[in-house]
Amino acid sequence: MAKKSLSLVKKSETILTKKTLPTKANDQINTRVKKSSQDKITKYIFVVGGVMSGVGKGVAASSIAKILQARGLKVTAIKIDPYVNVDAGTMNPTEHGECFVLKDGLETDQDMGNYERFLDIDLLGTNYMTTGSVYQAVIAKERNLGYGGRNVQVVPDIPAEAIRRIKKAGAEASADVVLIEVGGTVGEYENILFIEAIRMMKTEAPHNVVVVMLSYLPVPGHVGEMKTKPTQHAVRTLGASGVFADIILARAPVPLDNKRKDKISRFCNVLPENVISAPDVSSIYDIPLNFEKDHLSDRLCNLLSLSCNQSSDLKSWKQFVSKSKNTKNTVRIAVVGKYFSSGDFVLADVYISVLEAIKYSSYKLGLKPEIVYLSANDFLDKKSLKELKQYDGVLLPGGFGKTGVEGMINVIKYARENKIPYFGICYGMQLAVLEFARNVLNLKNASTEEIDPMAKDLVIGVMADQKTKIASGDMGGSMRLGQYPTVITKGSIAHKSYKQDTVLERHRHRYEVNPSYVMELEKAGMQFSGKSPDGRLMEIMELPTTVHPFFLGIQFHPELQARPLTPHPLFTAFIKASYETKK
Ligand code: GLN
């Protein structure tokens, strides 16, 4: 399909221009120039937060990436987390939200999940950095005499390393556009070196870099009027670092009116058409469509002289959004977790990929999911278990450590005995095996090495290659991480769902089903329908449909590969079974 270009590549950036060649030859050369990745000019869009955090910078960045992708551009995305942690793996989920594992095993921020879901692409470790990882690389380089004996300084060496990574990620993906989300808010100490990286990149190639500031415009109840002052201050604060916003996304409870648009334009040095309204929406998947109402992709293509399709192809996205809003029947799913509460607040973000995966599969089946978060600790008292009767399915997501475990085991037993569809992810699988060992095999003292290493029957044990890591205190980035293959037994629920003999799924665990108990468990009716290719690691566990409508656990994290347009087959099987067994 021929692409119509909005505007040609900037003259100064092309080797040959129309003036120097006859039209036909010029066309040929242009095609050649465009196809050669070596000559490809990659453009960079930075998204920074003004005013305050928590207003959806990640989703805004994903949506910008989406609308550019819909214009036929090759887009990749980067998240910069200003933490000193080297990756997100060592952060408590109640503090940082979900840890999203990439296929190459890097433990990252949940925003990476948004990127993968919106863009339907797999990202790599190069697409994520933290202050810690950047410093670590600079220090390692210095130790190897990589700086040739000169002074290594915070500026320019730290921003320079960030820039090197940004460019590398663009080249690896042969991207037309790289979207970079800078965590935090302008004016913070934490992200200042990354703001400096923007300044350095923009100075080097002003026409290749655009800065989008996501701001927040409050509407104080007692005033009843949208206020632009915090945005004006944020623009000034950013300006003090030598960086100026090209586009302002005006997050607010309501759409922006023209008066406010003009005011922001006048006081924040941006054209009125570069002030984009970003009101609260009922679904995050509406955001790309909303941005296009204000012609955001046109504005970006223009500012960056991007050669892209004239019209936007968001057809399948729109179909998904409309399907999600036109569901008829409800399916009620209980997610029993241990990281839900923080003071008086419920932290659904901790399991964001799981929640989204439930939604995609439900929409695919034309169902409206009603997801209820239940705290595992509430089920320590068996009397509360009856509450589970009202749900069509029970899901236990991944987790670590002792808290809530006995409550989870009670929940699993109840779901198994009362034939409530059960889906156990990672810890949810390990504890289902443990419950089966205790209550079906009658190994009353069965446990997992994670919580009771001295227990008599360790049906879940530490993986051999993890032993030395634990002993030496090497706990960061040292689990079994990332994508590994699973071979699936024909005829099983898993095989019927995947319709594949081998699948690749992402992992994040230190413990495994102890192989010495597998025969005994299988004899008692538990089937290990998915194993590592050498048959050593149990990847999928299920009970036959003759004894339970749906009882399945997986050692990996299927939620990390569930996408709006391609829901995960195991989630779909679980939701389907839940709906079909609905009372
Ligand atoms: N805590 C378990 C392990 O480390 C399960 C991990 C998880 O649920 N991601 O093996």
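Here is a short chat about the ligand and one buried residue in this predicted model.

Reader: Hello! Which residues surround the ligand, and how do they divide by type?

Author: Happy to help. The shell around the ligand includes Gly398, Phe400, Cys426, Gln430, Arg508, His509, Arg510 and His557. Sorted by type, the shell residues come out as 4 nonpolar, 5 polar and 3 charged.

Reader: Which elements give two or more residues to that shell?

Author: Let's start with the location: the ligand sits in the largest cavity. Two or more shell residues come from each of these elements: helix H15 (427–439) and strand S19 (502–509).

Reader: Which residue has a side-chain N or O atom 2.7 Å from a nitrogen atom of the ligand?

Author: Let's go through the polar contacts, where the cut-off is 3.5 Å between N or O atoms. A polar backbone atom of Gly399 is 2.9 Å from a ligand oxygen, and a backbone N or O atom of Tyr511 also lies 2.9 Å from an oxygen of the ligand. The contact from a side chain to a ligand nitrogen, at 2.7 Å, belongs to Glu450.

Reader: And how much of the ligand's area does the protein bury?

Author: On its own, the ligand would expose 300 Å². Of that area, the protein buries 99%.

Reader: One more, please: is Phe551 buried or exposed?

Author: Phe551 is in strand S23, which covers residues 551–554. Its C-alpha atom is 9.7 Å from that of Val394, a residue 157 positions away along the chain. The relative accessible area of Phe551 is 0%; the cut-off for this class is under 20%, so Phe551 counts as buried.

Definitions and conventions: Residues numbered from 1 in each chain as written. Predicted model: local features only at pLDDT ≥ 70, side-chain atom pairs only at ≥ 80, totals over all residues. Heavy atoms only, no water. Near = heavy atom within 4 Å. Polar contact = N/O pair within 3.5 Å; in protein donor to acceptor, adjacent residues only side chain to side chain. Areas by Shrake-Rupley, 256 points an atom, 1.4 Å probe, with all protein chains shown as cover. 1 Å grid on protein atoms, 1.4 Å probe; cavity = no way out; pocket = protein on both sides within 12 Å on 5 of 7 lines; lining within 4 Å. Sits in = over half its atoms within 2 Å of the grid points. Helix = DSSP H or I, 4+ residues; strand = E, 2+ residues; numbered from the N terminus. Nonpolar A, V, L, I, M, F, W, Y, C, P; charged D, E, K, R; others polar. Buried < 20%, exposed > 50% of the residue type's maximum accessible area, 1.4 Å probe, protein only.
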